[in-house]
Amino acid sequence: MNDKLQQTKAMLAKHHKDGEAFVQLMKETYTGRFNEDFWALWNAQIASKFGDSPVIVDLGTGPGEFLRDVIQRHPAARVIGVECAEYMLQAANDELPEGCEIIAADLHDPHLPLDDNSVDAVVASVVLHEMHQPVRTMQEMQRCLKPGGLFYVMDWVRAPLQQYLADAELDVFDRNTPLDELEDLFIHFIEHNRFSIDDLEFMLQNTGFKVLEKTPLKNGQMARLLVEKR
Ligand SMILES: C[S@@+](CC[C@H](N)C(=O)[O-])C[C@H]1O[C@@H](n2cnc3c(N)ncnc32)[C@H](O)[C@@H]1O
């Protein structure tokens, strides 16, 4: 294993803490991310542009819930998940439906076995904030997407602490709050505050995409962007 991949895996293991528990958390919270609003956008603005057998890529697919959902909706599609954490790869490969495949790759500098201009849609759900930089991923998606192909990005974005704490179950100012939980919340606050919504837009614009939609979510703690390959 090369040094960079090892570093990425170590960084993710630290961020996810208990791999098995994080797999479960991603499964349990999946329908919150891929909710009615998501599927409304998917149907109206993404799937409506598909031909007979679209190619769909899910970056940082985790346990692969989206792969299973999307192949059910589009049985003739080729659906590809990209992932590098071992526990996620294992969960995603469990009962992988026909028509779906997994590519094990580090998104920090991906060279995916996909042809230029061959992909119809790419999804990156809460992935980019886990990366040192998402520029190479954006450039690789720009290479793989067809002209006019769509890239959906949904992620945590920078928000002030008070705003970030609005949904926290922990009272950080209570002296009885356990130290571990207090520290965990502040560590996640920093990790979730990597890029602002404007940073994501700026990077996408500079890697060959036109922004079609840019929407703050969850009291401005998260955002979704839909961009098109220029
Ligand atoms: C928070 S989870 C989200 C999983 C899924 N996209 C969802 O919304 O249910 C982020 C996923 O991205 C993966 N990931 C993060 N950085 C990555 C990288 N550099 N290369 C490949 N996968 C990465 C993590 O291992 C994890 O499975």
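**Close-up views of the predicted model**

**The ligand shell by residue class.** By class, 10 nonpolar, 6 polar and 5 charged residues make up the shell around the ligand. The model shown here and in the other views is predicted. In total, 21 residues surround the ligand. The closest of them are Gly60, Gly62, Ala85, Leu107 and Ser125. Two of the elements that each supply at least two residues of this shell are helix 1 (3–16) and helix 2 (19–33). Helix 2 provides the largest share of the shell, with 3 residues.

**The whole protein, for orientation.** The protein contains 9 helices and 7 strands. Along the principal axes, its C-alpha atoms fill a box of roughly 60 × 35 × 35 Å. The radius of gyration is 18 Å, which agrees with the value near 17 Å for a compact globule of 230 residues. Buried residues account for 33% of the 230 residues. Of the contacts between residues at least 6 apart in sequence, 64% join residues at least 24 apart.

**Tyr30 in helix 2.** Tyr30 lies in helix 2, the element that gives the ligand shell its largest share of residues. Is Tyr30 buried or partly exposed? Tyr30 is partly exposed, because 18 other C-beta atoms lie within 10 Å, and a residue counts as buried at 20 or more. Between Tyr30 and Pro63 there is a sequence separation of 33 residues, and their C-alpha atoms are 9.8 Å apart in space.

**The buried residues of helix 4.** In helix 4 (residues 65–73), the buried residues are Glu65, Phe66, Leu67 and Val70. What do the buried residues of helix 4 pack against? They pack against helix 2 and against four strands: strand 1 (55–59), strand 2 (78–83), strand 3 (100–104) and strand 4 (119–125).

**The open sheet.** An open sheet is formed by 7 strands, with mixed pairing and the order 3-2-1-4-5-7-6. Strand 3 and strand 6 (209–217) are its edge strands, each pairing on one side only. On average, neighbouring strands of this sheet are turned by 15° against each other, direction ignored.

**Strand 1 beside strand 2.** Strand 1 and strand 2 run parallel and are joined by 5 bridges. In this view, Leu59 stands opposite Val82, a residue of strand 2. Both strands are also among the elements against which the buried residues of helix 4 pack.

**Strand 7 between strand 5 and strand 6.** In the strand order of the sheet, strand 7 sits between strand 5 and strand 6. Strand 7 is mostly covered, with 6 of its 8 residues buried. Its pairing with strand 6 is antiparallel and runs over 8 bridges. Its pairing with strand 5 is likewise antiparallel and runs over 7 bridges. Where strand 5 meets strand 7, Tyr152 has Leu226 of strand 7 as its bridge partner. Thr215 is bridged to Arg224 in strand 7, and Val211 stands opposite Val227 of strand 7.

**Helix 9 across the sheet.** Helix 9 (residues 197–205) lies across strand 5 (145–156), strand 6 and strand 7 (222–229). Helix 9 runs at about 170° to strand 6, which is one of the two edge strands.

**The hairpin of strand 6 and strand 7.** The hairpin has 4 residues between its strands. Lys218 is found in the loop between strand 6 and strand 7. Its phi is near 50°, a positive value in a residue other than glycine. Lys218 is partly exposed, because 15 other C-beta atoms lie within 10 Å of it.

**Glu95 ahead of strand 3.** Glu95 has its place in the loop between helix 5 (86–93) and strand 3. The phi of Glu95 is near 55°, a positive value in a residue that is not glycine. Why does Glu95 count as exposed? Glu95 has 9 C-beta neighbours inside 10 Å and therefore counts as exposed, since the limit for that class is 12 or fewer.

Technical notes. Residues numbered from 1 in each chain as written. Predicted model: local features only at pLDDT ≥ 70, side-chain atom pairs only at ≥ 80, totals over all residues. Near = placed C-beta within 6 Å. Nonpolar A, V, L, I, M, F, W, Y, C, P; charged D, E, K, R; others polar. Contact = placed C-beta atoms within 7 Å. Rg over C-alpha atoms; globule rule 2.2 N^0.38 Å. Pairing = 2+ DSSP bridges. Axes fitted to C-alpha atoms, helices over the stretch in contact; angles between N-to-C directions.
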